[in-house]
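Visitor: Please walk me through reading contacts, cores and helix packing in a model.

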Amino acid sequence: MDFTFSAEDEAFRAEVRAFIRDHLPKRSGQDQMDVEEGMSDLPALYKWNQDLHAKGWVGFHWPREVGGGGGTISEQMILKEEMARVKAPMLGLSYMGLAWVGPALIKYGTQEQKDRHIGPILRGEVQWCTGYSEPGAGSDLAALQCRAVRDGDDYVVNGQKIWTSLAMWAQWMILLVRTDPRAPKHLGITCLLVPMSTPGLTVKPIKEMNGGAMFAEVFFEDVRVAVANRLGAEGQGWDVTKDALANERSSIADVWALKHRLEAIRDLAARRTRRGRPAIEDPGIRQRIARMETQVEAMRLNGLRFVTKQLRGEPLGAETSINKLIRARIEIESGRLARDIEGSFGILAKTSPHAVDKGRWQKVMLSWPPFVIGGGTPNIQKNVIAERILGLPHDV
Amino acid sequence: MDFGFTPEQDALRAQARRLLDQELPLERILAWSAAPSALDRALWKKTAALGWAGLTVAEAHGGLGLGAVDLIVLLEEMGKSLCPLPLAATDLAAAALGALGDGAQQAAWLPKIARGDVVATVAIAEGSDVPTADGVAARAGARGTDVTLDGTKLFVPDGQHADLLLIAAREGAGVSLFAVPADTPGVTVRPLVVVDATKPAAEIALAGAVVPARNRLGAVGGAWPTLARLVDRQTITHAAEMVGSADAALRLAVEYAKVRRQFGSPIGRFQGVKHRCAEMLCDVESARSLVYYAAWAVDHAPDDVPSYASMAKAAASEALDTAGEECVQIHGAIGYTWECHAHLFYKRGRQSHVWLGAPDEHYERVMTVLQHG
């Protein structure tokens, strides 16, 4: 065991810190879930994206040949950790483009597709959304039914997608459709790249329980997509959307976001009272805070074990689901704990003029579901752990 | 950055696993727990010959000179087997001698410990609390060039098997530590009847026991700062055993859930069972990460030790207490029969949960460190 970094890595860390000192935009967002606040100063974020891109830090884990940064696993972790430590905005504006589209393009795209899309994603010029989930295909994504039929040089798409994040702002969608209804369900799926301006495509925002709308339903009525916009071969769609690039898996950015939140909860507990004393002196409150701190610390150290496997070139499998489960617990419990510390003020909605900390804690309490449900619910994570790590039988 | 083990540590783990599987299968632990008898000295000598007893003892004194991380590799494996050998207690005594003893004291005891000729332990606690300086009421009084010891030490790990007792006693304004051979007149060691027979503990009554003043380790009344660090070490090594036990309890439950069929299917197919197993794995791996880091901190980041010892113990306590309990439940009715091994893990969990501090005490310390550094 050795928790020190090489001289090269430490030099890189110093470079990141110097960059942050010179370029970090002022920002009001308190939590990672403040997407709306985080997007409020678009010119500053655009400048941030350009500055990052000049360093090669947008798409940092992508190969240099395609314009990525070619960052090593440890450099990726350092970059994310240093950025998260200072609550920096995301490492690139084209969030879904960076998370889903770029990696798929790099592995399966034609030269023409790469030339057309990767640059704008890295420069933050184009927003993407992902057309994956459907009303009848959530946890069981491979059951998707949105249909595409070949017609000359086009596919004609009919059907519906749902829970499509950022669809209202996106110019492009990476879409999974069923092209062969007779094939086994994972094999009949094809991936298409679709301009959101295509006739027949309609976006309908979904209002969430916190009052905001980051998701949408997307409807397809005879939407024509050129075969040239197919990513990978017909029937290869399921594989296409699996990120196969060497992305570090420490979950360090999430860990720092949670650490910041717990720090703010301690601060809240020092300002609110219970039975006439600061809430932070209340034994019950102290137990709950310390237990969550312990879980975040475990999450950090679990992540370092995962990264160690990556650094050693060992296969990393389902164990990263462990941190997703821990994160889900903390996302939920932190909102509940903050509400309890607020006491009677916990009944106030975030828009109330009397709301504590401008309603931050109400937002935390009402905004965890996308982080907990998206990308696999806790129940799905438990299935993954039970089946792939413990070897228990599949339940379907 | 490397949060993993070296090939040597992997080899040590494999060696421990082989030996424990051969010598102490759970059937033997089960039989032994029904009628706990004396320490198996032959087995202790055999492990000492492999270097276990002297693992962290300096090479100059016949040990391997390894660190806390190497030690917890062994202890985690011992925890999986519920191995009752007094390794953690003996290591703690060796660490106390290494930290407080002078050259003569170390030369007198450490080689014998490393060879397996002497089993040793440290007696600090007297009451229900996590050991503190104020909690030491046993007294040391000067009598010429000798010291007399009076009082009662409780919950002394493996006290009934130890040849050498390192006893904390109040002397002057502070706490001193004395090396006391177990056969010293005035020393009475009584085994405690405990829930988990595989984790022995003893009461030590001191009634005018006399040892030469040269058996004092360190300065008069000056042992506490070192003892406080040793309590943290003990907390971490115990948490390492607990992580091993929790892992084994989970595996036992999982293997049963794969073969036990009800409603035409292995019960491990039902989410009521498999999700509990997944949650247990999450808790076991988290406790494991905390234990590994805490053990590393012992030798490399001493400032981190108090808080991480507490986080590790709290997490390990919760993980094992739950895993033992679920292991019984997932086995159904067979799970609470004597023949099934589940109760061994359940008892280990219920006992270890409170020994050296229940989670609430450790969370309180975590909070104190967060607030005051």
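What follows is a short tour by question and reply.

Guide: First, the ground rules. This is a predicted model, where local features need pLDDT of at least 70, side-chain atom pairs count only at pLDDT 80 or more, and totals for chains, interfaces and linings use all residues. Residues are numbered from 1 along each chain as its sequence is written, while chains are lettered from A and ligands numbered from 1 in the order in which they are written.

Visitor: How many residues does each chain put into the contact?

Guide: Two residues are in contact if their C-beta atoms, placed from the backbone, lie within 7 Å. Here chain B gives 34 residues and chain A gives 35. Helices (DSSP runs of H or I, at least four residues, numbered from the N terminus) organise the list. On chain B, H7 (224-259), H8 (271-300), H9 (305-330) and H11 (359-372) each supply at least two residues of the side that touches chain A. H8(B) has the largest share of that side, 14 residues.

Visitor: How does the side of chain B that touches chain A divide by class?

Guide: Ala, Val, Leu, Ile, Met, Phe, Trp, Tyr, Cys and Pro count as nonpolar, Asp, Glu, Lys and Arg as charged, and the others, Gly among them, as polar. That side of chain B has 20 nonpolar, six polar and eight charged residues.

Visitor: Which residues touch the most other members of the largest nonpolar core?

Guide: In soluble globular proteins, nonpolar side chains tend to be buried together. A nonpolar core is a set of buried Ala, Val, Leu, Ile, Met, Phe, Trp, Tyr and Cys residues joined through C-beta atoms within 7 Å. Buried means 20 or more other C-beta atoms within 10 Å of the residue's own, with C-beta atoms placed from the backbone. In the largest core, of 228 residues, the answer is Leu166(B), Cys277(B), Val291(B) and Ala312(B). H7(B) gives the most to this core, 18 residues. Beyond four places in sequence, the contacts of Leu166(B) include Ala93(B), Val122(B) and Leu217(B).

Visitor: Why does Ile78(A) count as buried?

Guide: Ile78(A) counts as buried because it has 24 C-beta neighbours inside 10 Å. Ile78(A) sits in helix H4 (residues 73-85) of chain A. Leaving out residues up to four places away in sequence, Ile78(A) touches Asp9(A), Phe12(A), Arg13(A) and Val16(A). Ile78(A) and Val16(A) are 62 residues apart in sequence, yet 8.3 Å apart in space, C-alpha to C-alpha.

Notes
A residue is buried if 20 or more other C-beta atoms lie within 10 Å of its own, exposed if 12 or fewer, and partly exposed in between; C-beta atoms are placed from the backbone.
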